[in-house]
Amino acid sequence: MHPVIYRNGLVFDGYGGPPFVADVIVEKGIIVKIGRALEAETDAKEIDCHGLWVMPGLLDIHTHCDLELELAPELPEVVRHGTTTVIIGNCSIGITYGHQRSSGEDPIVDCFARVENMPKSVLSRVADTCTWTNSQDYLTHLDSLPMGPNVAPLIPHSMLRIAVMGLEGAITRPPSLQEQQHMERLLEAGMAQGYIGLSTDALPFHFLANSPNKKKKIPTQYANFRELARLTQVVRRHGRVWQATPPKDNVFSAVRSFLLTSGRLYGSPLKTTVLAALDLKTNQSAKYLCLLLSYLLNSRILNGHFNFQALSASFRIWSDGVINPIADEIPELRVLNELEVEDVRGRLQILSNPAWIKAFKKMWLTGRNKWSFPGLLQRMRLENTVLTRDLNDMIVADCPLNHWIGQSLQKPYQRLRAWQSGINFSTVRHQGEEDFFATFLNPIKDEAEFLLHLLRVWDTRLRWETTIANTDSTVLKNILFSKQTLPGFNDSGAHLANIGFYDGNLRFLKIAQQTSLSCVAQAVKKLTSLPAEFFNLNAGNIRVGVQADICIIDPQALQKWNPEKTYRFVYRQALDCKQVINRPENVVKLVMINGKFAWKNGQYAEDFGNHAYGRVLRTRDHPSERSFT
């Protein structure tokens with residue numbers, strides 16, 4: 001491996017200080033020199049970085065790339081966005097203990113399919129490969145993969161429960177004392193093996209996907225506070241991280257759980273990171289409550305070590321019919337999502353059921369009377385639901401009438417009303433639309449009936465998008481730069497057809513760039529050394545003696561990039577399905593992982609995907625990491 005020297009780049013070292021122009025020399029995978037006009041070996045490869053930003057490889061702290069690693073271990077979408085380290089095993093689900101199949105149960109498919117909106121065919125292919133049965137063998141397996149980025153795993157609580165209690169037991173009864181102790185021993189083993197912490201989940205719309213348990217939530221949600229307290233005590237004792245999600249509809253339960261971070265109450269602070277501080281369209285108070293709670297938990301009185309993760313992008317999601325990441329939040333939509341994607345007839349039966357129609361219309365039209373209490377909450381943006389119920393917010397991405405694409409559903413609804421009334425007939429711009437309008441109930445009573453008819457006739461052929469959070473750039477910037485947050489919640493590797501936030505880190509850099517280089521330096525810190533320190537990882541900085549994970553950014557291309565215009569829905573052969581992606585052009589010029597070029601000038605290295613670039617990161621105090629410290 002020849003030495004590499006990066007010449008005259010503007011270096012952001014990851015610690016938040018002012019950037020400086022310097023050369024950086026890499027030898028044998030390690031940064032060996034940083035300075036001006038450095039002399040290099042005669043065989044060194046020189047990279048001209050004049051006018052470019054040189055920074056540590058970025059960290060993505062909330063991914064579900066566990067599954068993609070089994071099908072495309074190079075994680076190409078991760079790497080091309082400048083990310084060199086990902087954290088897996090989030091939200092209590094993963095493949096740490098293998099496929100865990102038993103007595104007809106298929107936990108990987110059951111836990112991931114609805115929670116992360118992933119095709120069962122993809123999940124089954126992954127489960128077939130998961131032949132190990134314990135956390136040490138999983139690390140050994142990861143070590144054998146030709147990975148692109150570095151990978152740092154958490155112990156997922158749902159899978160831990162299944163390993164001890166079986167899937168059926170984990171969702172129907174509390175653990176016995178012996179089972180509780182067994183879980184603690186397995187978690188202790190994981191901490192000794194170098195896992196970076198434990199993940200749990202409490203979001204009320206995370207359900208299992210296989211019969212007969214489609215009305216049951218994932219196993220972690222059946223743990224009581226005592227179980228959670230005992231497991232997090234293991235994590236606390238090892239100085240590791242607890243990743244959690246809140247029971248969003250139960251403030252008391254959320255506060256009680258998150259008080260586990262308190263060093264005042266429990267002897268020492270527990271590092272805790274929680275999803276997510278979002279500026280919701282439906283509830284503007286959520287972000288303030290998140291930041292206030294974090295501030296109080298980190299106060300001297302409670303002495304916690306707590307942060308909310310924050311998404312750096314507008315929260316834009318795509319839906320196929322009613323299938324989207326948050327539909328399970330609403331009971332009337334949940335019953336549709338309990339069916340298999342292919343069960344068009346089953347959905348049509350529900351959509352035609354008078355009792356269900358009545359319940360759906362009541363749900364959808366709640367708040368339309370501006371002077372009612374629900375209407376007042378809607379106007380004040382204080383609703384409990386996350387999903388917006390407004391045709392103006394639903395933009396058509398695909399449907400049998402091509403001229404609808406790019407319009408909000410409110411537009412054809414208005415044209416339908418005009419066509420049925422005989423007024424302004426010219427608003428019907430397409431013969432196919434007029435024929436379709438003739439199939440509607442005449443007169444159409446309200447927008448709920450309009451949407452129901454679309455779902456009955458088109459089902460998943462109606463693909464639409466909506467933005468549920470982070471639409472105000474000023475508010476988003478304040479959230480991202482708050483001391484109470486870490487950029488995260490990209491959910492990379494999950495919700496394949498519904499969201500695409502591999503670009504979340506680059507979006508944060510773009511937001512910072514609009515203010516100043518000093519602001520960029522702070523953003524780089526929050527994307528590199530700060531999360532690396534929080535998760536206790538050997539990553540996230542540029543200094544002599546560390547592993548050379550480096551990202552080169554073109555600031556001019558970053559400035560020109562419009563993230564809202566580069567989304568694509570493409571077929572990925574490795575996954576054998578379509579996926580939402582967002583690829584900025586020419587922003588990331590080069591990505592080096594462990595001293596090797598993985599991505600350069602828009603191309604992956606020739607052996608990328610065949611040979612390992614990244615490695616499995618254990619916590620810094622693990623014996624295998626001491627040579628990297």
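1. Which residues line the largest cavity? In this predicted model, the lining consists of Gly321, Val322, Asn324, Leu333, Phe360, Trp364, Leu387, Met394, Leu451, Leu455 and Trp464. The space inside is about 90 Å³. Two elements, α14 (354-365) and α18 (447-458), each give two or more residues to this lining. By class, the lining has 9 nonpolar residues, 2 polar ones and no charged ones.

2. The cavity count is 3, taking those of 30 Å³ or more. The second largest holds about 50 Å³. Its lining is made of Asp320, Gly321, Val322, Leu336, Arg347, Leu351, Leu455, Asp459 and Thr460. Gly321, Val322 and Leu455 appear in this lining and also in that of the largest cavity. Here charge does appear: the classes are 4 nonpolar, 2 polar and 3 charged.

3. Now the pockets. The largest has a volume of about 960 Å³. Its lining runs to 40 residues, and Pro246, Lys248, Ala276, Ala286 and Cys290 are the closest to its centre. Helices α9 (251-258) and α11 (285-297) are the elements that give two or more residues. The top contributor is α11, with 6 residues. The lining divides into 27 nonpolar, 8 polar and 5 charged residues.

4. The second largest pocket encloses about 680 Å³. There are 28 lining residues, and those nearest the centre are Asn117, Met118, Pro119, Ile323 and Val341. Four elements give two or more residues each: α3 (107-115), α4 (120-129), α12 (331-337) and β20 (577-582). This lining has 13 nonpolar, 6 polar and 9 charged residues.

5. Is α3 mostly covered or mostly uncovered? It is mostly covered, with 9 of its 9 residues buried. These are Pro107, Ile108, Val109, Asp110, Cys111, Phe112, Ala113, Arg114 and Val115. Note that the list includes Asp110 and Arg114. The buried residues pack against α4, α6 and α12. Just past the end of α3, Asn117 takes a positive phi of about 50°. Asn117 is also one of the residues nearest the centre of the second largest pocket.

6. Next, the nonpolar cores. In soluble globular proteins, nonpolar side chains tend to be buried together. The largest core in this model has 105 residues. Met55, Phe258, Leu509 and Ile553 have the most contacts inside it. Helix α6 (residues 157-170) gives the most to this core, with 7 residues. Another core lies apart from it and has 58 residues, including Val322, Leu387, Phe436 and Leu454. Two of those named, Val322 and Leu387, also line the largest cavity.

7. Leu509 deserves a closer look. Which residues does leucine 509 contact, leaving aside its neighbours within four places in sequence? The contacts are Met55, Leu58, Val520, Ala523, Val524, Leu527, Ile553 and Leu558. Of these, Met55 and Ile553 are themselves among the residues with the most contacts inside the largest core.

8. How many disulfides does the structure hold? The number is 0. Take Cys91 and Cys551 as examples. The closest cysteine sulfur to that of Cys91 belongs to Cys111, and it is 12 Å away, so it is too far for a bond. For Cys551 the closest cysteine sulfur is in Cys49, at 11 Å, which is again too far for a bond. The cut-off for a disulfide is sulfur atoms within 2.5 Å. Both cysteines are buried: Cys91 has a relative accessible area of 3%, and Cys551 has 0%. Cys111, the partner considered for Cys91, is one of the buried residues of α3.

9. Last, a loop residue. Where does proline 563 lie? Pro563 sits in the loop between α23 (555-560) and β19 (567-572). Is it buried or exposed? Pro563 counts as buried because its relative accessibility is 10%, and the cut-off for buried is under 20%. Beyond residues up to four places away in sequence, Pro563 touches Asp503, Arg507, Lys510 and Asn582. The C-alpha atoms of Pro563 and Ala313 are separated by 8.6 Å, although the two residues are 250 residues apart along the chain.

Notes: Residues are numbered from 1 along each chain as its sequence is written. This is a predicted model: local features need pLDDT of at least 70, side-chain atom pairs count only at pLDDT 80 or more; totals for chains, interfaces and linings use all residues. Side-chain values use heavy atoms; hydrogens and water are left out. A nonpolar core is a set of buried Ala, Val, Leu, Ile, Met, Phe, Trp, Tyr and Cys residues joined through side-chain atoms within 4.5 Å. Buried means under 20% relative accessible area, exposed over 50%, partly exposed in between (1.4 Å probe, protein chains only). Contact means heavy atoms within 4.5 Å. On a 1 Å grid over the protein atoms alone, a cavity is a set of points where a 1.4 Å probe fits but cannot get out, and a pocket is an open set with protein on both sides within 12 Å along at least five of seven lines; lining residues have an atom within 4 Å of a point. Grid points are joined across faces, edges and corners, and a volume is the space filled by probe spheres set on the points. Ala, Val, Leu, Ile, Met, Phe, Trp, Tyr, Cys and Pro count as nonpolar, Asp, Glu, Lys and Arg as charged, and the others, Gly among them, as polar.
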